[in-house]
2 protein chains.
Amino acid sequence: MATTPADPDRPERTQPRTASDAVVAHLEELIFDGSYAAGDSLPSEAELAIQLKVSRLTVREGVRSLAARGLVEVSHGRRPVVTATNATQLRDFFSSSVRRDAGGLLELLEVRLAIEVHAAELAARNATPPQIDSLAADLQAMTDATDEETFTAADMRFHHGITEASGNRMISLLVEGMADPLRVGRLKSLHGYLQGTPDLGDLLDEHRLILEKITARDAAGAARAMRKHLATTRRDLLRSFG
Amino acid sequence: MATTPADPDRPERTQPRTASDAVVAHLEELIFDGSYAAGDSLPSEAELAIQLKVSRLTVREGVRSLAARGLVEVSHGRRPVVTATNATQLRDFFSSSVRRDAGGLLELLEVRLAIEVHAAELAARNATPPQIDSLAADLQAMTDATDEETFTAADMRFHHGITEASGNRMISLLVEGMADPLRVGRLKSLHGYLQGTPDLGDLLDEHRLILEKITARDAAGAARAMRKHLATTRRDLLRSFG
DNA sequence: TCGTGCCAACTCGTCAGATGAGTTCAGGCT
DNA sequence: AGCCTGAACTCATCTGACGAGTTGGCACGA
């Protein structure tokens, strides 16, 4: 019984069981159909309570659910604000998964590899000149970095820049969501580097090669270079655990 | 200001702003450190309220947040139950994204391609004999299918089976999360097939090739076959929109 | 003794009313 | 004009209460 085969009866969509679920469904509808765009304020809790004929408390629960799912943002004294699609939900999922099972870190790395390799491929095809310039700047920052914090920051900007250059926002969001859980591992790995084999040069060369291939619009080459780079990263991460 | 550069002050982790955030943090802690495993029941709202010295209402909001994030499940009359890591949160994110921007569907398809190609590669390396048998059975079911519903169901089982055979649960969860939003598109595409070019044979052949490569432990070949298959899928999807 | 049905205790779902605290903006004072 | 202040909103939380679904044990009958 791994997957749910075929529930005979499930009027989920049509008939929310609880009143607060109905609130959630209602607000979702308003957001999804564009009645409220990103940045807009929702009606106040009191107003919604009147409109939907439930108590303010019930509205609060619904809004709270949406907030937990990253669809809206609430802050004291202000009305709830609809947020743009963002990576908080993904970040939350990935970090939860890893916190509950440390083994998930390697699996996550594997996924990142798959996605970023593809991103590099797409970037080679779709990157705009300004995006390429930006990548070059990040690379330069990595080269010039004297402390590992600056280095790592530039490194992450570089990778993030590639996902953006891929032109696929879903990829950007996914990689962004994975960044947090992976950062821990990355720092450890870097430490291993700086103490053991302080060969940051290799890392830089790998980045350079990726950028080169993207600039040359060589999709297959970019994918290959990225794959190689991430294989290195994974190896270092594994080593830092042994 | 795309990325948040460096907030000078952010005592987030250490000091939840609101009481209900504190409840969330507390319960998260209990779940993540293993005090409550999947399947366990949390204390009742009333009990938690006493323990944490807040009102039951505040506890409810916290629990509600966790429920929205898929960490626990609540049902009327029963205490909240901790859920195993599952794809609901991902499903929720992907379907939200697509509902808010239909263009995301193609982006999602692109991501699925990247991940499933990698999954096929891993599956060729890691699949166990029973898993391969299961894949063969799904393929047979597709061959025997007379109506498209059965066909699609077997198709999805086949793909799901490959992600499972990859041995990477994160991949399984991601693909599972994407399935729902993509199903709509897939059905449309199949319709196009059945009415226009009813060449289901090609589809079957592609699946057959993938399984063949996996059975032969040919990782690169499996990846290639999967890539080709998904390219076909994408083409059909695009066609069904034109 | 064993099975069955019913009731009491638990627990979640929702409501009403009330207080405190953060935000915003329009006026009024300097 | 610029700054200050206070009223109006709005979210955050609490207390107390009632209804409805779930569960386990106890009494009753076979």
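In this predicted model, an N or O atom in the side chain of B:R56 is 3.5 Å from a base nitrogen of DNA strand D, a polar contact being a pair of N or O atoms within 3.5 Å. Bases are also approached from chain A, where a polar side-chain atom of A:H76 lies 3.0 Å from a base oxygen of DNA strand D. The backbone of the strand takes part as well: B:S20 places a polar side-chain atom 3.3 Å from a phosphate oxygen of DNA strand D.

Residues are numbered from 1 along each chain as its sequence is written, and chains are lettered from A in the order in which they are written. Local features need pLDDT of at least 70 and side-chain atom pairs count only at pLDDT 80 or more, while totals for chains, interfaces and linings use all residues, and side-chain values use heavy atoms, with hydrogens and water left out.

Stepping back to the whole surface, 21 residues surround DNA strand D, and A:R60, A:R78, B:A19, B:S55 and B:T58 are the closest; a residue is near the strand if one of its heavy atoms lies within 4 Å of it. By kind, this surface has 10 polar, 7 charged and 4 nonpolar residues. Helix α3(B) gives the most, with 3 residues. Among the atoms of DNA strand D within 4 Å of the protein, 68% belong to sugar or phosphate and the rest to bases.

Another place to visit is A:E116, in helix α5 (residues 104-126) of chain A. A:E116 has a relative accessible area of 0% and is therefore buried, a word used for values under 20% (1.4 Å probe, protein chains only).

Conventions
A polar contact is a pair of N or O atoms within 3.5 Å; within protein, one must be able to donate a hydrogen and the other to accept it, and residues adjacent in sequence count only if both atoms are side-chain atoms. Helices (H or I, at least four residues) and strands (E, at least two) are DSSP runs, numbered from the N terminus. Ala, Val, Leu, Ile, Met, Phe, Trp, Tyr, Cys and Pro count as nonpolar, Asp, Glu, Lys and Arg as charged, and the others, Gly among them, as polar. Buried means under 20% relative accessible area, exposed over 50%, partly exposed in between (1.4 Å probe, protein chains only).
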